[in-house]
Amino acid sequence: MRTQVAIVGAGPAGLILAHLLHASGIEAVVIERQTRAYVEGRVRAGVLEQGTVDCLTKLGLDERLRREGLRHSGTHLSSDGEDFRIDLEAASGGSCVTVYGQQEVTHDLFEAAEARGLTILFEADEVRLHDIETDRPAVTCRTPAGEHRLDCDFVVGCDGFHGVCRAAIPADILRHFERVYPFGWLGILTERPPVAEELVYASHERGFALASMRSLMRSRYYIQCDMDQRLEDWPDERIWDELALRLGPSLGERLQRGPSFEKSIAPLRSYVAEPMRFGRLFLAGDAAHIVPPTGAKGLNLAVSDVSMLGEALAEYYAERSVAGIDAYSTRALARVWKAERFSWWFTSLTHRFPQTGAFERRMQVAELDYLRTSPRAQAAFAENYVGLPLI
Ligand code: FAD
Ligand code: DHB
């Protein structure tokens, strides 16, 4: 089979890129290791930046998002049980975030892909990249339908942190920057109304907690936990008690406890691979970088990467200009590093580290109080939280 762009991975990055290329009249084939049901079933991100919503709108994929997504013009931070609100819209000069689950985004992307006739090969095993340093790269794989060879102009690795594409870049070219955090996030979903109308990020002496939601009837909660703990260590009652403590008395009282589902523990990591291009291979999304989830940047970064790459590839095919594709890695990394900084900073401000003694805790509390009282600090927070522009 021959196509112009082979995309490895049908997560948000791969699917949005396929739609962007389709809109520019560029042929693409997406190769995905899992089934559609598996990809759609993964519970992950929940908060979309304004730029992500704008991108989905431009692609005509915003109909259900407008109807069911929850527009939040503010968010709450809590310091040892005392919460305060940051008016994101006022502090950022008019931008908001939208609560709409990654599962819903992925579902909409798959539905529209089918309606628009995009090609996706599911259950692809043994995905291999060939000749990426030449003008005629190829991807081979095996699906239940048989062996495939995709000859193409470009390969885009949207295959997440554990994918195969990043590993195809020679070790002497690729640089890694990494921080692994000494704790994880225990997450649950529950069929109960959220504790507050907006999200609450809680920094407590006992550790971090986040009250989020998927709808007005479904809540999503996270608490910081040790990585050596197992799910069996966290029966529902213990999670609710801990959430109530960390959120503080007034929110804790209002917490609607229900049976949890989708209980899982996720590790926290900051990671960047440089460069995001080698020859005819580009990396986008989690394949190139990971942020700790505090601040909800992961999915949004995947979207900003592919927005930049989609533009660059459209320019290449329309004008035979390589300026855009040559600039992609540098341009994407400039934004990636700023989101890495914000996620790292927000994690450091709100989590309990092994070295968090009395002095370090006072520093966190002082910085939270600064955020509570300083419009300038709130403006910097809001600008980053709603998403930096694509420059
Ligand atoms: P992925 O979603 O990982 O997709 C990669 C795809 O490639 C997968 O479908 C995978 O099956 C496929 N693949 C892998 N290997 C191969 C292979 N060899 N061949 C073919 N296909 C392959 N981000 C936010 O912005 N906001 C949030 O609120 C947020 N919350 C999060 C909460 C949790 C608990 C977690 C775990 C993550 C969260 N994130 C959040 C991060 C976000 O989910 C990811 O950043 C996002 O999914 C990245 O999209 P992606 O398309 O780059 O990668
Ligand atoms: C969610 C996850 C995040 O990492 C975050 O900062 C906000 C919300 C969520 O899954 O709802």
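These are my notebook entries on a predicted model, taken element by element.

**Entry 1. Overall dimensions**

I began with the whole protein and its secondary structure, which comes to 12 helices and 20 strands. I then compared the radius of gyration with the value for a compact globule: the rule gives a figure near 21 Å for 391 residues, and the protein has 21 Å, so the two agree. Along the principal axes, the C-alpha atoms fill a box of roughly 60 × 40 × 40 Å. I noted that 45% of the 391 residues count as buried. I also looked up how far apart in sequence the contacting residues lie. Of the contacts between residues at least 6 apart in sequence, 71% join residues at least 24 apart.

**Entry 2. Strands S1, S2 and S8**

I followed the chain from strand S1 (residues 5–8) to strand S2 (residues 28–31); the two run parallel and are joined by 4 bridges. The chain passes from S1 through H1 to S2, and I recorded this β-α-β crossover as right-handed. Val8 has Ile31 of S2 as its bridge partner.

S2 also pairs with strand S8 (residues 119–121), again in the parallel sense, over 3 bridges. Here Ile31 stands opposite Leu121 of S8. I checked the directions of the S2 side chains: Ala28 and Val30 point one way, Val29 and Ile31 the other way. All four of these residues are buried.

**Entry 3. The open sheet S3-S7-S4**

I next looked up an open sheet of 3 strands, ordered S3-S7-S4, with antiparallel pairing. Its edge strands are S3 (47–48) and S4 (70–72), each of which pairs on one side only. Between S3 and strand S7 (residues 97–99) I found 2 antiparallel bridges. Leu48 stands opposite Thr98 of S7.

**Entry 4. Strands S13, S17 and S20**

I turned to S13 and S17, an antiparallel pair with 12 bridges. The bridge partner of Leu189 in S17 is Phe261. S17 pairs in addition with strand S20 (residues 289–290), also in the antiparallel sense, over 2 bridges. In that pairing Val272 has His289 of S20 as its partner.

**Entry 5. Phe183**

Within S13 (residues 175–190) I selected Phe183. Is Phe183 buried or exposed? I recorded Phe183 as buried, because 23 other C-beta atoms lie within 10 Å and the cut-off for a buried residue is 20 or more. Setting aside neighbours within four places in sequence, I listed the contacts of Phe183 as Gln224, Cys225, Asp226, Met227, Leu268 and His351. I also looked up the separation of Phe183 from Phe353, a residue 170 places away along the chain; their C-alpha atoms are 8.0 Å apart.

**Entry 6. Backbone features in loops**

I examined the peptide bond from Glu274 to Pro275 and found it cis, with omega near -5°. Pro275 belongs to the loop between strand S17 (260–274) and strand S18 (277–278).

Asp80 is not a glycine, yet has a positive phi of about 45°. I placed Asp80 in the loop between strand S5 (74–79) and strand S6 (82–87). Asp80 has 15 C-beta neighbours inside 10 Å and therefore counts as partly exposed.

Arg320, another residue other than glycine, has a positive phi near 55°. Arg320 lies in the loop between helix H9 (298–319) and helix H10 (323–350). I noted Arg320 as exposed, because 7 other C-beta atoms lie within 10 Å and the cut-off for exposure is 12 or fewer.

**Entry 7. The shell around ligand 1**

I closed with ligand 1, which is surrounded by 35 residues. Which residues are the closest to ligand 1? I listed Gly9, Gly11, Gly160, Gly285 and Gly298. The elements that contribute two or more residues to this shell are helix H1 (12–23) and H9. H9 gives the largest share, with 4 residues. Sorted by class, I recorded 17 nonpolar, 12 polar and 6 charged residues in the shell.

How values were computed
Residues are numbered from 1 along each chain as its sequence is written. Chains are lettered from A and ligands numbered from 1 in the order in which they are written. This is a predicted model: local features need pLDDT of at least 70, side-chain atom pairs count only at pLDDT 80 or more; totals for chains, interfaces and linings use all residues. Two residues are in contact if their C-beta atoms, placed from the backbone, lie within 7 Å. The radius of gyration is taken over C-alpha atoms; the globule rule is 2.2 Å times the number of residues to the power 0.38. Two strands pair if DSSP finds at least two bridges between them. A residue is near a molecule or strand if its C-beta atom, placed from the backbone, lies within 6 Å of it. Ala, Val, Leu, Ile, Met, Phe, Trp, Tyr, Cys and Pro count as nonpolar, Asp, Glu, Lys and Arg as charged, and the others, Gly among them, as polar. A crossover is right-handed if, with the strands pointing away from the viewer, the path from the first strand over the helix to the second runs clockwise.
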